[in-house]
Amino acid sequence: MSAHASLHARSIALSIGKAVILDKVDLSVSPGWRVGLVGPNGVGKSTLLRILGGQLRADDGTVAVAPPQAIVGYLPQEPERRADETVAEFLVRRTGVGAASTELDAATADLATSADGADDRYSDALERWLAIGAADFDARVGEVLADLGLSERLLDQTMDTLSGGEAARCSLASLLLARFDVFLLDEPTNDLDLDGLARLEAWVLGLQAGLVVVSHDREFLRRVVTHVAEIDEFTHDITVFAGGWDAYLAERDLAAQHARERYEEYAEKKGALAGRAQREREWANQGLGKAKNDKSEKDKHIRNYKINQTEQLAGKAARTEKMMERLEVVEEPREAWQLKLTFGEAARSGAVVARLQAATAWAGDFVLGPIDLEIGAGERVAIVGHNGSGKSTLLRLLLGRVEPTAGETYLGPSVVVGELEQTRLQLADQRTVLEAFMQATQMTIPDARTLLAKFGIGASEVNRPTTSLSPGERTRLVLALLMAKGTNCLVLDEPTNHLDLAAIEQLEIALEAFGGTVLLVTHDRTLLANVRLTRRIELDQGRIVVDETLATV
């Protein structure tokens, strides 16, 4: 692993059909740089990471690393856990050890048969195998798993058998085990609990290697990035801001303010000149007609003088128009599309929304409870805890989605639940997006299309199968459903996963305005700080360890 490796992308361009994704993008990453790559969903962040990592070829431009043998590691989002891949195989693949070992085996075989160039191939393969940490990989796996609280027995399990918490920690383990010279990370914070986030942040802050990371976790970005690279959705170019996250926010807002001021100054000057030219032209036309038609003036010299004056006024109008043409054109700043989110509200529920009395529930080997809990109407409750502590199971028990193995549960008869569950599978089937949404909401085609468009789901998406949507599109689809259908009990399980930063801010505004009961499960520290809450419940190993009332402003 080189402590001095850098990556340089020059004039990267990519289009899909007629749609321009990236246009002449330049990005350099020096050793120790931690670059946060931001922009709206769909703007091309993951696409750029794939190009930088050699997974996708650009239409134009170059990507180079220095030194040339430096290893660039691209670790994408992997929301689907494979049924044909064990945890051990997952770790070997994600760290690049598997590919390096395969290449070394092939080079060794060539060396044994004295194939042309076998010596150089073997030397390069061995150097890469050692650099990527394959020699001591097995020993390091045990240490990392133990540090993350995972048993080595998981190595033989397939990825699809893991709980959400175990899968998140295995993804984190693949990062901690990796030995790349430049890291490209796509949403590494998704599904990590607070302990996992702290470990990830400590690892990132200790990196000597360059890093480019896509994340919508604002607190994570604030704590770790040294630079922010923002992809513009209109120009498809990139702007790099130095100085960290807070500096980026201040500079971005200041740049937007200056751009608006420059345009308003230009528009004011242009408008003033246009008005002046119009007045001068009108006065000239009126004066010329009056001078020519004035029969009372007998002196031809005076009449010619008046005509000449009006013609000079017309000349002034022409000069004013030339001044207007010489103005440096300033384009009006374009407003980015924004998710305008409100939650539909049903009539207030009864005083008791849900109650658990000595309730116990099993989820595989995991046991939740026994739990005594009552949720009152209008409460705004944050449910927190480590991955695997039982948060999602508690939600399902409260909502009657699972039957208790012991104890009693109660859900108020007037409670209308609106839910954004963690896997976003409410409308996931083989129907088209439009068909599924219309059936769920009873909307007409025009009304359904109009509402979906407000959530960035346009004509090119509504006729696709719901199963083909990206995680971000699925999240926005469920949010559109919550806006269309009234609810008095909003249940949000990791709602910021797969939303871009602007959409998360709109979610916060919508939550503030919602008047019903809120049950919120999230590891997003900024969301927890910004949303008005009345109660905090903390789980640990299936039991409630903290249940406290929060002071409200």
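How many bridges join strand 8 to strand 9, and in which sense do the two strands run? Keep that in mind as you open this predicted model, and let's walk to the spot.

**Stop one: strand 8 and its partners**

Select residues 227–231, which make up strand 8. Now add residues 238–242, strand 9: five bridges join the two strands, and they run antiparallel. For one pair to zoom in on, pick Ala-229, whose bridge partner in strand 9 is Val-240.

Next, follow the connection. Strand 8 and strand 9 form a hairpin, with six residues between them. Click on His-236 in the turn, where phi is positive, at about 65 degrees.

Strand 8 has another neighbour to visit. Select residues 34–38, strand 3, which pairs with strand 8 in the parallel sense over four bridges. Here you can find Gly-36 opposite Val-228 of strand 8. Switch on a surface, if you like, and look at strand 8 again: four of its five residues are buried, leaving the strand mostly covered.

**Stop two: the open sheet**

Now move to an open sheet of three strands, ordered 2-1-4 with antiparallel pairing. Its edges are strand 2 (19–29) and strand 4 (60–66), each of which pairs on one side only. Turn the view along the sheet to see the twist, which averages 10 degrees from one strand to the next.

Color residues 6–16 to bring up strand 1, which runs antiparallel to strand 2 and is joined to that strand by seven bridges. Among the partners, Leu-14 is matched with Leu-22 in strand 2.

**Last stop: the helix on the sheet**

Finish with residues 45–52. This is helix 1, which packs on the sheet and touches strand 1, strand 2 and strand 4. The direction of helix 1 makes about 55 degrees with that of strand 2.

Conventions:
Residues are numbered from 1 along each chain as its sequence is written. This is a predicted model: local features need pLDDT of at least 70, side-chain atom pairs count only at pLDDT 80 or more; totals for chains, interfaces and linings use all residues. Side-chain values use heavy atoms; hydrogens and water are left out. Two strands pair if DSSP finds at least two bridges between them. Axes are lines fitted to C-alpha atoms, for helices over the stretch in contact, and angles run from 0 to 180 degrees between N-to-C directions. Contact means heavy atoms within 4.5 Å. Buried means under 20% relative accessible area, exposed over 50%, partly exposed in between (1.4 Å probe, protein chains only).
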